[in-house]
Amino acid sequence: MKTLIQNGTIYDGSGAPAKTGDLLLEGDTILEVGAPGQFPPHSDWQVINAKGKAVTPGFIDPHRHCDLAVFRDADFGCLELAQGITTVLGGNCGLTPFPTTAQTRRQTCDFIEPCLGPAPASLRLNDYPDYQAQLEGVALRLNMGAMIGTGTVKTAAIGGFGKQPFTPEQMARAQGYLTQALENGAFGISCGVMYTPECYSSTEEFVRLLTPCAKYNRILTCHIRGEGDSLVSSVQEVIDIAQQAGLRVNISHFKAVGCRNWGRTIHQAIERIENARAHGQEVTVDFYPYTGGSTTLLTLIPPTFVETETAATLAKLATPAGVDTLRQELQKAHPGWDNMVRDIGWERIVISSVALPEHLPYQGKNIKEICEKEHYADETAFIADLLVKEKGKVGIIVMSMDPADVDTVARLPYSAIISDSLYGITSCPHPRLYGSFAKIIRDYVRERGLLSMEQAVHKMTGMTAQRFSIRNRGLLRPGYKADINIFDPLQLSDRATFSNPCQTAVGMDMVLVNGAAALQNGKPTNCRKGAALRGSLAEK
């Protein structure tokens with residue numbers, strides 16, 4: 001069946017000026033894009049009147065930690081479609097639920113749970129092909145693909161969360177996981193250099209690990225080693241890794257954290273990026289439109305305190321001597337590691353997710369106020385006790401960024417838009433889960449004019465599709481898939497806030513996923529025409 005979208009204001013995703021026009025679709029594909037009235041409708045066509053509305057490609061979010069939510073949540077895709085998101089990529093920050101072995105599966109699932117949520121008990125993901133096969137068995141509301149994370153790769157290859165470098169045999173095993181994933185359709189490789197066990201890897205070890213991947217011409221995305229005092233050196237590290245390994249690189253959720261770094265280090269880091277770009281290296285960034293980030297409580301524990309296994313770290317935290325040692329370590333600066341407690345203070349760190357019912361009242365409250373209310377000796381004693389009781393599965397929100405710095409990144413011509421949404425089980429998630437893409441239209445375009453509509457749409461569609469080699473999506477052009485949003489730019493709005501985050505975006509009139517209406521009149525339909533995407537095997 002053919003569908004005709006008439007008289008819309010077309011933002012084609014390329015960044016080119018908008019124009020009024022019509023789109024003719026057949027099945028899941030765009031046939032033609034033309035002037036108003038160019039395609040006289042037939043009686044058997046579906047006709048959609050988009051007069052006064054923006055018509056854009058479906059938005060692409062390449063950074064959502066939804067790898068497991070897709071298997072766990074029957075409503076997965078609804079809150080995404082409300083923002084106009086039609087394609088997502090999982091597998092970010094090195095934190096993938098694959099590959100795993102019998103030895104590492106439980107450890108890996110426990111470690112990633114605050115970000116990805118719990119893994120279904122029956123799920124056994126030995127490698128990327130296992131994950132992709134499971135994904136292809138899900139009736140999807142939107143399109144979804146995945147990258148492979150080097151953190152989980154290292155855990156599987158060395159048999160746990162050890163601090164030791166790869167042996168030659170382990171390195172070969174890790175490289176095998178990566179090349180297998182790329183050959184089978186992974187859209188890229190993600191690193192979480194600040195997370196265990198990757199934080200113990202040197203620049204040289206990363207280069208050796210990644211060099212065999214260069215021939216596939218996929219992107220390397222990096223949660224860098226530090227975003228505070230070590231931001232500049234951490235940015236330079238991943239630039240060097242990518243340059244030596246022969247990979248394109250994207251710096252994930254690019255930002256400067258820590259009050260004393262505001263207005264200063266972000267500009268120094270941009271200089272490093274633009275110097276590399278001026279010398280021909282492909283270095284890009286992405287960002288989310290909020291001044292608070294989200295991660296796990298375990299990331300507040302200095303690497304000098306962390307043990308090889310999470311269970312051993314928690315065992316130390318369960319002793320008075322261990323708590324005292326942690327207290328001393330949190331008062332120090334640690335070269336190459338962001339001490340968030342020193343950088344922003346306990347009052348800017350909010351508990352966002354816990355597992356035990358008795359701790360649910362903590363969600364949405366900062367650590368300082370919880371500590372005072374519960375009469376702990378100090379905040380260190382509180383987080384130690386909480387981590388032990390929750391077995392390390394605690395999510396946090398850190399209010400760490402300067403709005404002016406976020407705006408600076410937003411204006412960069414090579415910065416794409418992401419949400420970095422976490423899918424831990426909580427009633428108090430980061431508002432970016434519900435609002436990121438609608439917030440861009442409301443705040444950055446409509447209210448403050450920081451970006452033009454054309455720029456914003458490009459950063460959410462065509463730029464992302466090109467960067468991650470997502471074929472035939474991200475642009476409104478003949479031959480491309482019919483992932484399309486129709487909405488009034490004056491009405492699309494986010495509602496989620498830090499104090500009331502579980503609020504779905506409003507104002508999206510219609511969303512087509514592969515030519516079928518996945519959202520209509522602002523409500524999700526029962527249509528499940530999303531595709532499990534694979535990247536093409538495109539060698540250099």
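The following legends describe close-up views of cavities, pockets and unusual backbone sites in a predicted model.

**Figure 1. The largest cavity of the predicted model and the residues around its centre.** The structure contains eight cavities of 30 Å³ or more, and the largest of these has a volume of about 270 Å³. Its lining comprises 26 residues, among which M194, H223, E227, T295 and V398 are the closest to the centre. Two or more lining residues come from each of strand 14 (292-296) and strand 16 (395-399). Strand 14 makes the greatest contribution to the lining of the largest cavity, with three residues. Sorted by class, this lining consists of 13 nonpolar, nine polar and four charged residues.

**Figure 2. The second largest cavity and its lining.** This cavity encloses about 220 Å³ of space. Among the 18 residues that line the second largest cavity, F111, T196, L298, I301 and V306 are the closest to its centre. The lining of the second largest cavity is made up of ten nonpolar, six polar and two charged residues. T196, one of the residues closest to the centre, also precedes P197 in a cis peptide bond; the bond is the subject of Figure 5.

**Figure 3. The largest pocket and the helices that contribute to its lining.** The volume of the largest pocket is about 260 Å³. Fifteen residues line the largest pocket, and D73, L79, Y423, L433 and Y434 lie nearest its centre. At least two lining residues are supplied by each of helix 1 (69-72), helix 2 (78-81) and helix 16 (432-447). The lining of the largest pocket contains ten nonpolar, two polar and three charged residues.

**Figure 4. The second largest pocket, shown with its lining residues.** A volume of about 200 Å³ is found for the second largest pocket. Its lining is formed by Q107, D110, F111, F161, L298, E309, T310, A311, L314, K391 and G392. Helix 3 (105-116) and helix 10 (310-317) are the elements that give two or more residues to this lining. By class, the lining of the second largest pocket has five nonpolar, three polar and three charged residues. F111 and L298 belong to the lining of this pocket and are also among the residues closest to the centre of the second largest cavity.

**Figure 5. Two cis peptide bonds that precede proline residues, P99 and P197.** The peptide bond from F98 to P99 is cis, and its omega is near -5 degrees. P99 is located in the loop between strand 7 (85-90) and helix 3. The peptide bond from T196 to P197 is likewise cis, with omega near 0 degrees. P197 is located in the loop that runs between strand 10 (188-192) and helix 7 (203-210).

**Figure 6. Positive phi at two residues other than glycine, C93 and S469.** C93 is not a glycine, yet its phi is positive, at about 60 degrees. The loop between strand 7 and helix 3 holds C93, and P99 of Figure 5 is found in the loop between these elements. C93 counts as buried because its relative accessibility is 2%, under the 20% limit. S469 has a positive phi near 55 degrees and is placed in the loop between helix 18 (462-467) and strand 18 (484-487). With a relative accessibility of 30%, S469 counts as partly exposed.

Definitions and conventions: Residues are numbered from 1 along each chain as its sequence is written. This is a predicted model: local features need pLDDT of at least 70, side-chain atom pairs count only at pLDDT 80 or more; totals for chains, interfaces and linings use all residues. Side-chain values use heavy atoms; hydrogens and water are left out. On a 1 Å grid over the protein atoms alone, a cavity is a set of points where a 1.4 Å probe fits but cannot get out, and a pocket is an open set with protein on both sides within 12 Å along at least five of seven lines; lining residues have an atom within 4 Å of a point. Grid points are joined across faces, edges and corners, and a volume is the space filled by probe spheres set on the points. Helices (H or I, at least four residues) and strands (E, at least two) are DSSP runs, numbered from the N terminus. Ala, Val, Leu, Ile, Met, Phe, Trp, Tyr, Cys and Pro count as nonpolar, Asp, Glu, Lys and Arg as charged, and the others, Gly among them, as polar. Buried means under 20% relative accessible area, exposed over 50%, partly exposed in between (1.4 Å probe, protein chains only).
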